[in-house]
Amino acid sequence: MEMLQDSFGRIHDYIRISVTDRCNLRCVYCMPEEGMEFAPHDQIMSYEEIAQVLKVLAPMGMRKVRLTGGEPLVRKDLHQLVSMISAIDGIDDIALTTNALLLDKQAQALKDAGLNRINISLDSLQASRFSMITRGGDVNKVLKGIEAATAVGLAPIKLNVVLMKGINDDEIKDFIAMTIDQPLHVRFIEYMPIGQASDSWRKSYLPLEAVTDVCAEAGWTVENTAGPAGNGPSRNMKIAGSQGTFGLIHPVSDHFCDNCNRLRLTADGHIKACLYWSDEYNVRRYVDAPDAMAALFLKALGTKPKNHEMALALERKMQSHTPTVRRMSQIGG
Ligand code: SAM
Ligand code: SF4
């Protein structure tokens, strides 16, 4: 069986699957407040179809799966999908990215079904600001979700914080302080221009040196560390003696494409070999034709560009391909 390798020799063993394009929030950097069009239910991959895809990919070297969205926990009985994936030979790591609003009631079932790890998105610890960024979310529900995930042993818990200039950059210190006496792994992420390189993105984009500046100002002794299991393209640090860690993910200012091992599957069944560009391939039509499906994945990998060019978008420079018009909620983040 041919391995999932692209034309630059990068082996792909990790897939991020968007299980729905719908969401119970409308975060300012991800979705417009109104007018978002969602795929009709019959265009969304069923759990059986997603499992079919993974049964084709596992013998080709796929090892890690992350379920995302939209908000994956709004999809009915997500734990059933987790169970189906757990039963596939070769897939040894199942993770979830969620806004955690619905997590407290589902954490145990997800853990029992075989979920290994969880990333929770949390961009502010202040109730009114969290509600502003998410357009209506309740931060206390997220904190309850974090508690529930901790209680059922879904460790390590990573918190994803998208940093935005003038919006939440004054909370960097508060987020890092959380890692001192809790085993939490905070990952600061640069705001990406997905589906729109607009003026509002340029205004809010913040390079992540801001985080190291805050540590220096606070007088914290910071050590480099390996970070938690399943660590992606993050540079990880910890305050000396702390239980948790924090990391920086610089997709815009310092792309990590050389080591990219990721494929993405959209909720409506399209393979995206790169999050940023518009290229995609409809795999759903081959759900009953495993050889054709495997060939399509290899084709998608064969055309995967060497890197994204988000930094050029920041400088309004010409790019080599066409950026996607899909929103992050449609691609799966
Ligand atoms: N709804 C879930 C959540 O929010 O965790 C999963 C889907 S969401 C699209 C996945 C991740 O993408 C979240 O951590 C979110 O913060 C991040 N994200 C969305 N839009 C982004 C952007 N423009 N730049 C950086 N990260 C973004
Ligand atoms: Fe929904 Fe996640 Fe996008 Fe926020 S980041 S709107 S929670 S999909």
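Me: What makes the pairing of Glu 71 with ligand 1 a polar contact?
Reply: Distance and atom type. An N or O atom in the side chain of Glu 71 is 3.1 Å from a nitrogen atom of ligand 1. A polar contact is a pair of N or O atoms within 3.5 Å; within protein, one must be able to donate a hydrogen and the other to accept it, and residues adjacent in sequence count only if both atoms are side-chain atoms. The 3.1 Å pair is within 3.5 Å, so it counts.

Me: What kind of model is this?
Reply: It is a predicted model: local features need pLDDT of at least 70, side-chain atom pairs count only at pLDDT 80 or more, and totals for chains, interfaces and linings use all residues. Residues are numbered from 1 along each chain as its sequence is written, chains are lettered from A and ligands numbered from 1 in the order in which they are written, and side-chain values use heavy atoms, with hydrogens and water left out.

Me: Which atoms of Tyr 29 and Met 192 lie by ligand 1?
Reply: Tyr 29 has a polar side-chain atom 3.1 Å from an oxygen atom of ligand 1. Met 192 uses its backbone: an N or O atom there lies 2.8 Å from a nitrogen atom of ligand 1. The protein buries 95% of the 540 Å² that ligand 1 exposes when taken alone (Shrake-Rupley method, 1.4 Å probe).

Me: How many residues surround ligand 1?
Reply: The shell has 17 residues, with Tyr 29, Gly 70, Glu 71, Ser 121 and Met 192 the closest. A residue is near a molecule if one of its heavy atoms lies within 4 Å of it.

Me: Which residues surround ligand 2?
Reply: They are Cys 23, Leu 25, Arg 26, Cys 27, Tyr 29, Cys 30, Gly 70 and Asn 99.

Me: Why does Tyr 29 count as buried?
Reply: Its relative accessibility is 15%. Buried means under 20% relative accessible area, exposed over 50%, partly exposed in between (1.4 Å probe, protein chains only). At 15%, Tyr 29 is therefore buried.

Me: How many aromatic pairs does a search of the whole structure find?
Reply: Three. Rings of Phe, Tyr and Trp (its six-membered ring) pair if their centres lie within 6.5 Å; planes under 30 degrees apart count as stacked, over 60 as edge-to-face and the rest as tilted.

Me: Why is the pair of Tyr 29 and Tyr 191 called edge-to-face?
Reply: The ring centres are 6.2 Å apart and the planes stand at 65°, so the pair is edge-to-face. The two residues are 162 apart in sequence, so the pair ties together separate parts. Tyr 191 is also buried, at 5%.

Me: What makes Phe 175 and Phe 188 an edge-to-face pair?
Reply: Their rings are 6.4 Å centre to centre, with 85° between the planes. Phe 175 lies in helix 6 and Phe 188 in strand 6. Both are buried.

Me: Is His 12 buried or exposed?
Reply: Buried, at 0% relative accessibility. Its side chain joins that of Lys 304 in a polar contact of 3.0 Å. A polar side-chain atom of His 12 also lies 3.0 Å from the backbone oxygen of Arg 10.

Me: Where is Trp 277?
Reply: Trp 277 is in the loop between strand 11 and strand 12. At 1% relative accessibility, it counts as buried.

Key
Helices (H or I, at least four residues) and strands (E, at least two) are DSSP runs, numbered from the N terminus.
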